[in-house]
Every structure is written in structure tokens, then in C-alpha cells.
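This briefing sets out the architecture of a single protein model. The sequence and the coordinates are shown first, and the notes that follow are grouped by topic.

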Amino acid sequence: DKGGYKHFMAKEIAEQPTVLQGALAHYINAEGTNVTLPDPGLDFAKVERLTMVACGTAYLACMVAKYWFEQIAGLPVEVDVASEFRYREPPVTPGTVALFVSQSGETADTLAALRYMEGKAAKIVSVVNVPESSIARESDLPLPILAGTEIGVASTKAFTCQLTTLAILALKAAHERGKISSTELADKLSNLRALPGILNLALGIEERSSQIAAKLAEARDILFLGRGAMYPLAHEGALKLKEISYIHAEAYASGELKHGPIALVDQHVPVIVMAPTDALFDKTISNMQEVMARGGKVLLITDQQGAKIAGEGVWDTLIMPQIDPFLAPILYAVPAQLLAYHTAIAKGTDVDQPRNLAKSVTVE
Ligand code: M6R
């Protein structure tokens, strides 16, 4: 049942504030001061290394989480796509916790990677949407993301719920490793609890997204740029767009631009810059100006403050609510989803069942 929406994808995008609220209530205690995990939980003080493995959008959630775990918890993290990891047969050091992220819990490569880690990792944790799935059943600590059934092939609410669960885990790790105090933990958790309201506000960009999408639909190639934890979000924007609109899209770390991809830039290639105001904002903006100096058409996705600093000359701007930079990757999933959705609508492609793709990839 599409609940009055034209597509499951639209419904699932709109559901995000509600399902996120459920996930937050599941993992944060009623006082909002601590993280609650099932027993036997995970003591991050004893973890030496975190190895995260997944495919597609779930892999991009791991990429974001790498920034979080490393920056706030000081925990070394390795992230790999499951199809590479399983055949690379990497050595596993003692004290390694393996974490698998999968919406379906049935992705063949992710499951094979999990089985490779059995008996090698100190603990196998999974972040899954389907609690009775193989990946959940075969882990020591299955953590549900509580997104509810996701039907659209393009993953939306599962991604934001995966990120939310991983953000909570990263905060727990930071606290247990003595990197943040109990007060700082409670502050960050309280920011997280404000997220559903902020996502609701963010859904208000729908109309603007559809206007911009009408222009994007004309393009043959589109570039996405981001820095820090927004770099995986740039990949998510490109993946979503490719999947459902069939427009060729690529993502680059903003700083990589001058190492090759800037050669692609001309007036026919829209460049989507995802840049909330954070510590790295100025650097991203200077990369954006390099694109504009070469005639590139920049769509800047930022907040009010960022738009002011960036000044004139951009092709278009999408204004997002102001947010704690730590949580920006969750919020900026919304414009990535809405731009892809409306570009696909403008092109008349099948949004929920894109060609050549299956919801669950159970063969390698
Ligand atoms: O069920 P999983 O999360 O393991 O699936 C992983 C990927 O196949 C999936 O995220 C895919 O990339 C989506 N179609 C992206 O929108």
C-alpha cells in the first residue's frame, strides 16, 4: 500500500522522521542520557579495530560511520565492499570487531563476508532492517534499524536509519573509550533526538527539488562533490541518481577534483556540491569556485549561513536547515533522495522498479 503516495519511494522518503523517532527511542534511554543495547552488548573500550563491510547504499553508511568512529571515538576503522572483502581474505587481528550493514540481511556477498569473519573476529555485529534475516541470525549482536518494510529498490529510509544506529554506536564508543564525558554524550544524544523534527523541516525542500530536478533531467553527466563525512553522501547522491534516473553521475572528494575530474567540467555538466557549514566548509567552497571558474554549473546544497558565505554565481542553491555538523550526513540524505526522485519523475523512468535492479541481491 502506497498510502496515497505515487510511489513507494516517495512514501518511504516521507516516513523518515517517524521511523527515525522509533529507532532513537529504541537505542536511547528514556532520560536521554545513555545508549541502550541488548545483552551481551559490546564494550568498545576493549575493541582495537572495527571492520565494516556492506554493499551499495549500506556500504556508504559504513563510509560515513568511519568518519564518526575515527573522529569522535578514536577507533581505527576499515571499510570495504563485501564482494572485495570476501575474496581478499584479509588477516584479522585479535580485538577486531566485525560489523555488517544490510537492509535485507540477505545480500549474498555481505553474508559470505560475515561467514569469513566467523571464528576470526572477537564479535560479529550486524545493523539490519529485517530481524529474521540470515545476516541477523548469524551475528552475535544483531541491531535492528527499525525502518519498517522498504519496498522501493532505491534505499532511502533504511539508509537514514542505518546512519542513525551507527551514530548512536559511535557515540557509545566515544563515551566508553573516554573520548567524551557523560554530559557530552547526553548533549549529542539530545541533538540526535531533535533530528526527526529537523528532517521534517528538510522535507519542505520537495518543491524546490522538483524545480531543480527538471533542469538536472537534461544533463548527460552529473558530478557530486563532498568533503569529510559528506564525501560518502556525494556517493549516495550519485548512486541514487544513477539507479532511478539512469543519468551518469560520479562522486568525488572535493579535494580530488584537481587531480583529474575537473577536466570534465564545462557548461553542460552540473556539479552538485554538498556542503553544510562545518570546519571544512571554506575548503569545499574554494573547490566550488574552481568549478565555476571553468564554466561549471554549480548546485550548492548548504544551509542559510553557507549560502551567504558562498555568495553569488552559483547556478542554484538548495537551502537545508542548520544542523550539528556531526549529524549533517543524515540530514543531507534527504536532498540526495529528493533530487534523484524528481529527476526520475521528470525523465519518466520507473522509480520503484528501475531496470536491471533487484531489491535484494541474493546471488553474487
Ligand atoms: O539489503 P542490502 O542493504 O544488503 O543491500 C545492499 C545494496 O544492494 C543496496 O543498498 C543497493 O545499493 C540499493 N539499491 C541502493 O539504493
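Accessible areas here come from the Shrake-Rupley method with a 1.4 Å probe. On that basis the protein exposes about 14,500 Å², and carbon and sulfur atoms supply 51% of that area. The model is a predicted one. Its secondary structure consists of 15 helices and ten strands, and two open parallel sheets are described below, one in the order β2-β1-β3-β4-β5 and one in the order β7-β6-β8-β9-β10.

**Overall dimensions and burial**

- A compact globule of 364 residues would have a radius of gyration near 21 Å, and the 20 Å found for the protein agrees with this.
- Taken along the principal axes, the C-alpha atoms fill a box of roughly 55 × 45 × 45 Å.
- Buried residues make up 57% of the 364 in the protein.
- Of the contacts between residues at least 6 apart in sequence, 75% join residues at least 24 apart.

**The sheet β2-β1-β3-β4-β5**

- Five strands form this open sheet, and their pairing is parallel.
- Strands β2 (77-81) and β5 (141-144) are the edge strands, each of them pairing on one side only.
- From one strand to the next, the twist averages 20°.
- Helix α5 (residues 108-117) packs on the sheet and touches β1 (49-54), β3 (96-102) and β4; the direction of α5 makes about 165° with that of β3.
- Helix α7 (residues 157-176) lies across β1, β3, β4 and β5, and α7 runs at about 160° to β3.

**Strand β4 and its partners**

- Strand β4 covers residues 123-128 and pairs with β5 in the parallel sense over four bridges.
- On the β5 side, Ser-126 has Pro-142 as its bridge partner.
- Strands β3 and β4 also run parallel and are joined by six bridges.
- On the β3 side, Phe-100 stands opposite Ser-126 of β4.
- Six of the six residues of β4 are buried, so the strand is largely enclosed by the rest of the structure.
- In a regular strand, side chains alternate between the two faces of the sheet.
- In β4, Lys-123, Val-125 and Val-127 point one way, whereas Ile-124, Ser-126 and Val-128 point the other way; all of these residues are buried.

**Helix α5**

- Helix α5 is mostly covered, with eight of its ten residues buried.
- The buried residues of α5 are Ala-108, Asp-109, Thr-110, Leu-111, Ala-113, Leu-114, Tyr-116 and Met-117.
- The elements covering these residues include the strands β1, β3 and β4, together with the helices α4 (82-88) and α6 (134-137).
- Just after α5, Gly-119 adopts a positive phi of about 80°.

**The sheet β7-β6-β8-β9-β10**

- This open sheet is likewise formed by five strands in parallel pairing.
- Strands β7 (248-253) and β10 (316-320) stand at the edges with a single partner strand each, so one side of each is left without a neighbour in the sheet.
- The twist of this sheet averages 20° from one strand to the next.
- Strand β9 (residues 297-303) pairs with β10 in the parallel sense over five bridges.
- Leu-299 stands opposite Asp-316, a residue of β10.
- Helix α10 (residues 206-216) lies across β6 (221-226), β8 (270-274), β9 and β10, and its direction is at about 150° to β10.

**Cysteines**

- A disulfide is a covalent bond between the sulfur atoms of two cysteines.
- The structure holds zero disulfides.
- For Cys-55, the closest cysteine sulfur is that of Cys-62, at 9.6 Å, which is too far for a bond.
- Cys-161 is in no disulfide either, and the nearest cysteine sulfur, again that of Cys-62, is 15 Å away.
- Cys-55 is partly exposed, with a relative accessible area of 26%, whereas Cys-161 is buried, with a relative accessible area of 0%.

Conventions: Residues are numbered from 1 along each chain as its sequence is written. This is a predicted model: local features need pLDDT of at least 70, side-chain atom pairs count only at pLDDT 80 or more; totals for chains, interfaces and linings use all residues. Side-chain values use heavy atoms; hydrogens and water are left out. Two strands pair if DSSP finds at least two bridges between them. Axes are lines fitted to C-alpha atoms, for helices over the stretch in contact, and angles run from 0 to 180 degrees between N-to-C directions. Contact means heavy atoms within 4.5 Å. The radius of gyration is taken over C-alpha atoms; the globule rule is 2.2 Å times the number of residues to the power 0.38. Buried means under 20% relative accessible area, exposed over 50%, partly exposed in between (1.4 Å probe, protein chains only). A disulfide is a pair of cysteine sulfur atoms within 2.5 Å.
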